[in-house]
Amino acid sequence: DALPIYGKSVEFAEIFGSFNRMKEEIRCLKIDNYERQLAEEKTKRQFLQTQIKSHFFLNCLNIIYSLAELRDYRLIQKMDLHMVQHMRYLARREDEPVTVAMELEHIRNYMEIQKLRYPGQFSYTIEVEPECEQAAVYPLVLHSFVENAVKHGVDPEKESRIAIAVSRGKDRLIFVVTDNGAGFLPELLDTLNESSGEAKLYGLSGVGIANCKSRLALHYREEAMVRFANIEPSGARVEISFPFTCCR
């Protein structure tokens, strides 16, 4: 509230008037700064999601090109259908939560596309506790981790397997992605668990991991947790968790 002006002193009137004007300017600056932060976060979310869209779209075009070289028109049609469904999901607003069931359907569609890319080279499973299906999750929070499992966990020299599981732990929603590939380089695990994920992974930039961790931080702040680990006899495990809420 503005300070009341007492007495008839011109000097006091000017002092109180200046103070009130300064207080109003500070209030306006706080509002402007808050709105600027919101705008910056929205822009960053859109940029991070655009990274996912463009990267995946180019991969899909490469798959279609390869199928066209083989003149396998049936698989081209199947690929095109999966691609349309996938791109339609990517067009969703990134700041509007979806149900876990919807996110997992998107993951299934993605995995079917990858099976066309790597025919006969890997299998996958998706398990979800029934009470988690209608829980809220922001679109694509799992995408980069699943993509990373396909990219680094599929080994043409053996039967590769990828497993995705969703469960509830007290008041948190827990996603776990595992594969039976080579696993993370031991010297990188600490970096991945302690940093934003902007590390070298198998000689490549970990853009996907950094992207997804940034998205989690924007949506869930410090409430989101991501842990990386290797599993025996070989493979990688990523656990992502954040507060459990129901989708409205």
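## Fold, core and salt bridges

Threonine 178 is buried, with a relative accessible area of 19%; the word buried stands for under 20%, exposed for over 50%, and partly exposed for what lies in between, using a 1.4 Å probe and protein chains only. This is a predicted model, in which local features need pLDDT of at least 70 and side-chain atom pairs count only at pLDDT 80 or more, while totals for chains, interfaces and linings use all residues. Residues are numbered from 1 along each chain as its sequence is written, and side-chain values use heavy atoms, leaving out hydrogens and water.

Let us stay with threonine 178 for a moment. Threonine 178 sits in strand β5, which covers residues 172-179. Helices and strands here are DSSP runs numbered from the N terminus, with H or I over at least four residues for a helix and E over at least two for a strand. Apart from neighbours within four places in sequence, threonine 178 is in contact with Arg161, Ile162, Ala163, Ile231, Ala236 and Arg237, where contact means heavy atoms within 4.5 Å.

**The sheet and its helices**

Now for the sheet. Five strands form an open sheet in the order β2-β4-β5-β9-β8, with mixed pairing; two strands pair if DSSP finds at least two bridges between them. At the edges are β2 (122-128) and β8 (225-230), each of which pairs on one side only. From one strand to the next, the twist averages 10°. Such angles run from 0 to 180 degrees between N-to-C directions, with axes fitted to C-alpha atoms and, for helices, over the stretch in contact.

Strands β2 and β4 (residues 160-169) run parallel and are joined by 7 bridges. One bridge partner to look up is alanine 165 in β4, which matches glutamate 127.

Helix α3 lies across β2, β4 and β5, and runs at about 175° to β2. Helix α4 also packs on the sheet, touching β4, β5, β8 and β9 (236-243), and its direction makes about 15° with that of β5.

The length of α3 (residues 100-117) can be checked too: at 1.5 Å a residue its 18 residues should span 26 Å, and the end C-alpha atoms are indeed 26 Å apart. The expected span is 1.5 Å times one less than the number of residues. Among the buried residues of α3 are Val100, Leu104, Ile107, Met111, Ile113 and Leu116, along with Glu103, His106 and Asn109.

**The nonpolar core**

In the largest nonpolar core, which has 45 residues, Met111, Leu173, Phe175, Leu216, Phe228, Ile240 and Phe242 touch the most other members. Helix α3 gives the largest share of this core, 5 residues. There is also a second, separate core of 9 residues, including Leu67, Leu75, Ile76 and Met79. A core of this kind is a set of buried Ala, Val, Leu, Ile, Met, Phe, Trp, Tyr and Cys residues joined through side-chain atoms within 4.5 Å.

Phenylalanine 145 is worth a look in your viewer. Phenylalanine 145 belongs to helix α4 (residues 143-153) and counts as buried at 3% relative accessibility. Not counting residues up to four places away in sequence, phenylalanine 145 touches Val177, Cys212, Lys213, Leu216, Val226, Phe228, Val238 and Ile240. From phenylalanine 145 to isoleucine 240 there are 95 residues in sequence, yet 9.3 Å in space, C-alpha to C-alpha. With neighbours within four places left aside, the contacts of phenylalanine 228 include Phe145, Phe184, Leu189, Leu192, Ile209 and Arg237.

**Salt bridges**

A salt bridge here is a side-chain nitrogen of Lys or Arg within 4 Å of a carboxyl oxygen of Asp or Glu. By this rule there are 3 salt bridges.

| Pair | Closest N and O atoms |
|---|---|
| Arginine 108 and glutamate 105 | 3.6 Å |
| Arginine 168 and glutamate 131 | 3.5 Å |
| Arginine 237 and glutamate 239 | 3.2 Å |

Arginine 168 lies in strand β4 and glutamate 131 in the loop between β2 and β3 (136-137), so their salt bridge ties together parts that are 37 residues apart in sequence. Arginine 168 is partly exposed at 37% relative accessibility, and glutamate 131 is partly exposed at 47%.

Arginine 108 and glutamate 105 are 3 residues apart in helix α3, which means that about one helical turn separates them. An α-helix has 3.6 residues a turn, so residues three or four places apart point the same way. Arginine 108 is partly exposed at 30%, as is glutamate 105 at 46%.

In the remaining pair, arginine 237 is partly exposed at 29% and glutamate 239 is partly exposed at 24%.
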